[in-house]
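Here is a short report for a reader meeting this structure for the first time. It moves from helices to cores, then to pockets and unusual backbone spots.

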Amino acid sequence: MEWFERTKPYEADLIADLNQIVKIPSILDPNTQSDRTPFGVDMARALAKMEELAARDGFRYGRVDNMVTWIEYGPADAAETVAILTHIDIVPAGEGWLRDPFKPEILDGLYFGRGAADMKADLMSAYYAMKYLADHEITLTRKIRLIIGTDEENGWRDLPRYFEVEGEPTMGFSPDGAFPVVNGEKAFQTVQLRFANQTTGDYVLRRFIAGSRPNVVPGEARARVSVPNPAQVQTEFATYLAQYPFLSGQSEVRDQEVRLLLKGVQAHGAYPQDGENAGTYLANFLRRFAFNADAKTFLDFIGRVVHDDIGAENLGLRYHDEVMGDLTLNVGVMRFSQNGQGTILLNFRYPQGVNVQAVTTQVQRHLGDFAATVEVWPGGMEPHLVPETDELVGTLSLVYAKQTGMYMNPRTSNGGSYARLLKRGIAFGGQFPDVPVTSHQANESTPVANLTRSMAIFAESLLKLAK
């Protein structure tokens, strides 16, 4: 019997358990952080739910510092461990949903909900792959550990602590990437610009807000401006939007201010080409007006220098590596508040051959009149590459080829997964090549058929790695 036929009967139960996880809005919540809930109450609820499933199914499990839950199958005293590195945290829902992101639904063969693609569905497919091996009492030499983090979308403070306490697994994969094997991941680094917000004269930028995370392409931007002729701004804004069919928005005049809303296309910051950055487009529109002081330089930087420039060519950072590909830039967060403190977060993904010093130096050189300080956010990662000759790469590549009937060479990703934390760690699944990427987007979804399809690939992979 083929592996997919073996796993298909698990589909209904897998979906039922996945529903329970997706319903929990496991988003970083500073308002409910404590020693018991380091990333918020809902994050702790999500881990507890996974532990409840583990207890139901007879797995060994535990928790590290209320940050990471591990679930284990195989000989407890095994000298070697095969890890499945996952996370249960998600990005905020954002705008533009046609349905409640935390009330999962299946429509036209697609499973909708925040986390469906990144990465609760793949977490559950991996869990059920391990459950399949346990249900069939398959004897292993190495033990398998499903490791569930809670800070992947933010500061990566969870798994490094897990490794300090539990040690580094022998090898592993993270189903937080794509099929086939992703044996290389580019570096990711966020650079923060801080600046004063002084603005006076006839044109005053009262407030500008776009984005909530550096690793998300902002799908919405808002601005409040005081101008001599509000009707002119409204007319020109409508004309500007008409030039770009992928943009929408609205304007209104209230309390002698023009309030603008521009909607672009939200996407994962690792792939800015999949989105349309609402923040840089709104700045690109506003820079035509006679703002002065910090407002002028703010709008010029994001509306001209880094607008529509995912290769960071205007910053002097265009770079291509033959193995790992191109450097990319996402402008993830933009804030301006009159007479306050402003912030811009630039998220870079770069291959081997580039380093963070080069990135910050070039940003500083291209600030022009923009009186901003350049700071490196903590938590960045350097490029990661596991050789194609490694047993791990070869085994998983062959499993994928066998089950899909198609061999594809290992490749490099712009995304960052927990796999890079292991010396012998690669990303493997659960994004199939023929499925549109919806991670971090409104109406995030994954094909229902791929839940047990991924489960089958993971189950055979784990068997071959741990047998």
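Helices here are DSSP runs of H or I with at least four residues, and they are numbered from the N terminus. The model is a predicted one.

## Phe301 and helix α8

Phe301 lies in helix α8. Is Phe301 buried or exposed? Phe301 counts as buried because its relative accessibility is 1%, and buried means under 20%. Leaving aside residues up to four places away in sequence, Phe301 touches Leu193, Val306, Leu315, Ile344, Leu346, His366, Leu367 and Phe370. Ser26 is 275 residues from Phe301 in sequence. In space, the C-alpha atoms of Phe301 and Ser26 are 34 Å apart.

Helix α8 covers residues 293–305. Ala293 lies in this helix. Ala293 is not a glycine, yet its phi is positive, about 50°. Ala293 is partly exposed, with a relative accessible area of 41%.

Beyond α8 comes a loop that runs to β17 (320–321), and Asp308 is found there. Asp308 also has a positive phi, near 55°, and is a residue other than glycine. Asp308 counts as exposed because its relative accessibility is 62%, and the cut-off for exposed is over 50%.

## Gln362 in α9

Helix α9 spans residues 356–365, and Gln362 is found in it. Gln362 counts as buried, at 13% relative accessibility. Which residues does Gln362 touch, not counting residues up to four places away in sequence? They are Leu315, Gly316 and Leu317.

## Helix α4 and the cores

Helix α4 has 16 residues. Does its length agree or disagree with what 1.5 Å a residue predicts? The expected span is 22 Å, and the end C-alpha atoms are 22 Å apart, so the two agree. The helix is mostly covered, since 15 of its 16 residues are buried. Glu137 follows α4 and has a positive phi, near 50°.

The largest nonpolar core has 62 residues. Those with the most contacts inside this core are Met50, Ile71, Met124, Tyr127, Leu146, Phe173 and Phe428. Helix α4 gives the most to this core, with 11 residues. Another core, of 53 residues, lies apart from it. Among the residues of that other core are Phe285, Leu286, Ile344 and Ala372.

Back in the largest core, what does Met124 touch, not counting residues up to four places away in sequence? Its contacts are Leu14, Asp17, Leu18, Ile21, Met50 and Leu53.

## Two pockets

The table sets out the two pockets.

| Pocket | Volume | Lining residues | Nearest the centre |
|---|---|---|---|
| Largest pocket | About 940 Å³ | 50 residues | Glu152, Glu153, Asn215, His268 and Arg349 |
| Second largest pocket | About 510 Å³ | 27 residues | Gly94, Glu95, Gly219, Glu220 and Gln266 |

How does the lining of the largest pocket divide into nonpolar, polar and charged residues, and what are the numbers? The lining of the largest pocket has 17 nonpolar, 22 polar and 11 charged residues. Strands β8, β10 (187–196), β20 (341–350), β23 (411–413) and β25 (430–431) each supply at least two residues of this lining.

The lining of the second largest pocket holds 12 nonpolar, 10 polar and five charged residues. Strands β11 (204–210), β12 (216–217) and β13 (220–226) each supply at least two residues of that lining. The largest share, three residues, comes from β13.

## Two cis peptide bonds

Where in the chain does Met119 lie? Met119 is in the loop between β5 (110–112) and α4 (120–135). The peptide bond from Asp118 to Met119 is cis, with omega near -15°.

Another cis peptide bond joins Phe179 and Pro180, where omega is about -5°. Pro180 is found in the loop between β8 (177–178) and β9 (181–185). Strand β8 has appeared already, as one of the strands that each supply at least two residues of the lining of the largest pocket.

Note on methods:
Residues numbered from 1 in each chain as written. Predicted model: local features only at pLDDT ≥ 70, side-chain atom pairs only at ≥ 80, totals over all residues. Heavy atoms only, no water. Buried < 20%, exposed > 50% of the residue type's maximum accessible area, 1.4 Å probe, protein only. Contact = heavy atoms within 4.5 Å. Expected span 1.5 Å × (residues − 1). 1 Å grid on protein atoms, 1.4 Å probe; cavity = no way out; pocket = protein on both sides within 12 Å on 5 of 7 lines; lining within 4 Å. Points joined across faces, edges and corners; volume = space filled by probe spheres on them. Nonpolar A, V, L, I, M, F, W, Y, C, P; charged D, E, K, R; others polar. Core = buried A, V, L, I, M, F, W, Y, C linked by side-chain atoms within 4.5 Å.
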